[in-house]
Each structure stands twice: as structure tokens, then as C-alpha cells.
Amino acid sequence: MNIYRKIYNEIKKYDKIIITSHIRADGDCVGSAIALREIIKESFSGKTVKASYENVHYLKFLGKSDTILDSDFEDSLIISVDNAELSRSNDKRVVEKAKNIIKIDHHPNLNPFGYINFVEEEKCACSEMIFDFFLNIPKRKISMLGLEAIYTGIMTDSGNLKYPSVTGDTFKKIGLLYDLGVDGLKIRNILDEVSIEELRFKGYVLENMKTTKNGVLYILINNSIREKYNIEYDDASNMVNALQGVKDHPIWVLINEYKTDEIRCRIRSLNIPINEIAAKFGGGGHKNASGVVLKDYESVDRLLDALDNLLERK
Ligand code: AMP
């Protein structure tokens, strides 16, 4: 039995389904959760299905997360999307319910916490896998919201179809989404919109970025800078893309201090795998897009040194 049929049959067995995602929401985890909810709602009859994710303002056009009550967890199937580690689930109650979880994800499968684990590391977005699921089930139906959520997930996790994980098949899927009525331009305009504060803050990032000996580009951000520019923590984090594409700087890092002992590092690279270094520092992620949370600036220096060494060897 193929994996799509297997998951389809599991969904059929349950009256209640809860879809969860990962902490620090992004377009792909929110897109995957909404899309799967819309598929189940439309294609299976008589199910109560809820999608749980952190609400982020730039995705509010897709609607707010459903509210999940403790009682919703009773006898329900949990489907975790786009989340590699159970401990990074956006809903901590999931950890206690681990036995009823199906994992659908595109990160390295170091923690196969599902009783079914559908993991395709090579896929550029989990939303692409959800679309594959949709295309492979009988009597399939999905709302326009579901299709827009898939489009959002694929575009945001593939750097607008620019990352190495993008294939001809990804483009075909975007084409199919257009054929089904998705207005890609409308969604990209929403996703690309910035506030005046964000634009000014981008100026700060470009003015103050630094580089290590061998060319790791990085920017340090803390609360006083965010306050000065009147910018939210997540919006500041999103500025990692501003450091992309600089000649001779194939690794770039945005270091955003949330609390003095919680310093989030978003690491990106071009053609140089950085996820093993991220894992050594207690984080994880993809070959060219990883993240780490560090407790102090000595660790940040060590991380930058380790990344710098990757360039030295080249
Ligand atoms: P981000 O920079 O938050 O967009 O993360 C890039 C990738 O790394 C995503 O696939 C995340 O799931 C993963 N990631 C980020 N932070 C961590 C972490 N602390 N532990 C494990 N994986 C992470």
C-alpha cells in the first residue's frame, strides 16, 4: 500500500483530527496545516478537523489558527506537519499523545516520532508533500483557501522557487495551482509587502552587517535595536534574506537576541551544507537553511568560527 493510501485509511478511522506544526511558525508549517485541514474537511465526510499553528501577522490572510481544547485530544488522530522534532511542536500537549501521531515532514528524520512517518527530505516544502497527498487520494476536494495555503508554503520555503531543493516537478505543481485558480501574484504581493519600519531596519542591517575572516556574513540584533526601529522580533528575524546573494559570502547568519540567554541564529548558505554545524550546536534544519538557539555570545562566536572554517577548507 502506498503512503498516501495508508494515511488516507488512518484519517478514515478517526472522527477527530488535530493538525499541529512547529514553534516559530513560518509560511510552510502554517500553509501545510491549513491545506491538510481543508483537504480533510472537503474530501472526508463527518470529520471534526482543526489546524493548530502560531498566528503570524504576515500570514493573517490565511486566517487564524483553530482553538484546540484539551477535550479535542480525546480519541483523536494527530497529524504533525513540517516539524522534525517532537519537542519543537507548537502545541506541547502533543508530546503526551505521541502514540497517535502521524508525522509528515521534509526535514532530516532524526526523530521519527510518528507511528507513521512520511518524510521526504528532498522536497522543498512540506506543503508540496501535502499537495502530493491531495493529488493521490480518491474523491479529492479542496477549497481555494487550501490551494492558496499550499502555494504560500511552497513559495516561502523555497525562497520563491530559488533554493536547490526546487525541481521541475515543483514548477509543475505551481503551474497546476495556477490552473486550479490560485492568484500567485496576489499572494506574492501580500508576502512581499514591507512596512516603512521594516525598510528602515533593512537599512540598519545592510549598514551594520559584519563578515568573518573567510566571508561568513552576519548581523547581530538585540532588543534595543528592535525598539529603536520599532520592529517586532519575527519581522527582524525575517531580514535574514537581506544578506543573501553577496559575492564571495556563501554563508550568512542573522543573530537575533530574544532574551539574554536565548539567542536565535538563522543560518543560510549557497551550496555549502551547514546543517551538521547547526546540529553540533544543538539546532538543526536543512542543508542550506538551519537554525540554532544559543545561550550566550561565546557560543555565537564559536558558531561563527565553525562556519568560517567551512569556508577555509573550500
Ligand atoms: P529558521 O531559520 O528558523 O527558518 O530555520 C531554518 C530551518 O532550521 C527550519 O527547517 C527549522 O525547522 C530548522 N531549525 C531552526 N531552528 C532550529 C532548532 N533550534 N533546532 C532544530 N531545527 C531548527
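The following exchange concerns a predicted model and examines its ligand shell, one helix and several loop residues.

Colleague: Which conventions apply to this predicted model?
Modeller: Residues are numbered from 1 along each chain as its sequence is written, and side-chain values use heavy atoms, without hydrogens or water. Local features need pLDDT of at least 70, side-chain atom pairs count only at pLDDT 80 or more, and totals for chains, interfaces and linings use all residues.

Colleague: Which strands each supply at least two residues of the shell around the ligand?
Modeller: The residues around the ligand, those with a heavy atom within 4 Å of it, include Arg 264, Arg 266, Gly 284, Gly 285, Ala 289 and Ser 290. Strands are DSSP runs of E with at least two residues, and helices are runs of H or I with at least four, both numbered from the N terminus. The strands in question are S9 (262-269), S10 (284-285) and S11 (289-294).

Colleague: How many residues of the shell around the ligand are charged?
Modeller: Asp, Glu, Lys and Arg count as charged; Ala, Val, Leu, Ile, Met, Phe, Trp, Tyr, Cys and Pro count as nonpolar; the others, Gly among them, count as polar. The shell has one nonpolar and seven polar residues, and the number of charged ones is four.

Colleague: How much of the accessible area that the ligand has on its own does the protein cover?
Modeller: Polar contacts are pairs of N or O atoms within 3.5 Å; within protein, one must be able to donate a hydrogen and the other to accept it, and residues adjacent in sequence count only if both atoms are side-chain atoms. A polar side-chain atom of Arg 266 is 2.7 Å from a ligand oxygen, a polar backbone atom of Gly 284 is 3.2 Å from a ligand oxygen, and a side-chain N or O atom of His 286 is 3.4 Å from one. Of the 480 Å² that the ligand has on its own, the protein covers 84%.

Colleague: Which residue caps the N-terminal end of H2?
Modeller: Helix H2 (residues 27-43) has 17 residues and spans 23 Å from its first C-alpha to its last, close to the expected 24 Å. Of those 17 residues, 15 are buried, that is, under 20% relative accessible area, where over 50% is exposed and in between is partly exposed (1.4 Å probe, protein chains only). A side-chain oxygen lies 3.2 Å from the backbone nitrogen of Asp 28, and the capping residue is Asp 26.

Colleague: Why does Asp 82 count as buried?
Modeller: Asp 82 is found in the loop between strand S3 (77-81) and helix H3 (93-96). Its phi is near 60 degrees, a positive value in a residue other than glycine, whereas most residues other than glycine have a negative phi. Asp 82 counts as buried because its relative accessibility is 1%.

Colleague: What does Met 155 contact, leaving aside neighbours within four places in sequence?
Modeller: Met 155 lies in helix H5 and is buried, with a relative accessible area of 5%. Contact means heavy atoms within 4.5 Å. The partners of Met 155 are Asn 160, Leu 161, Ile 174 and Arg 188.

Colleague: Is Leu 161 buried or exposed?
Modeller: Leu 161 is in the loop between H5 and H6, and its phi is positive, about 65 degrees, although it is not a glycine. At 15% relative accessibility, Leu 161 is buried.

Methods: The expected span of a helix is 1.5 Å times one less than its number of residues. Accessible areas come from the Shrake-Rupley method with a 1.4 Å probe; for residues, only the protein chains shown count as cover.
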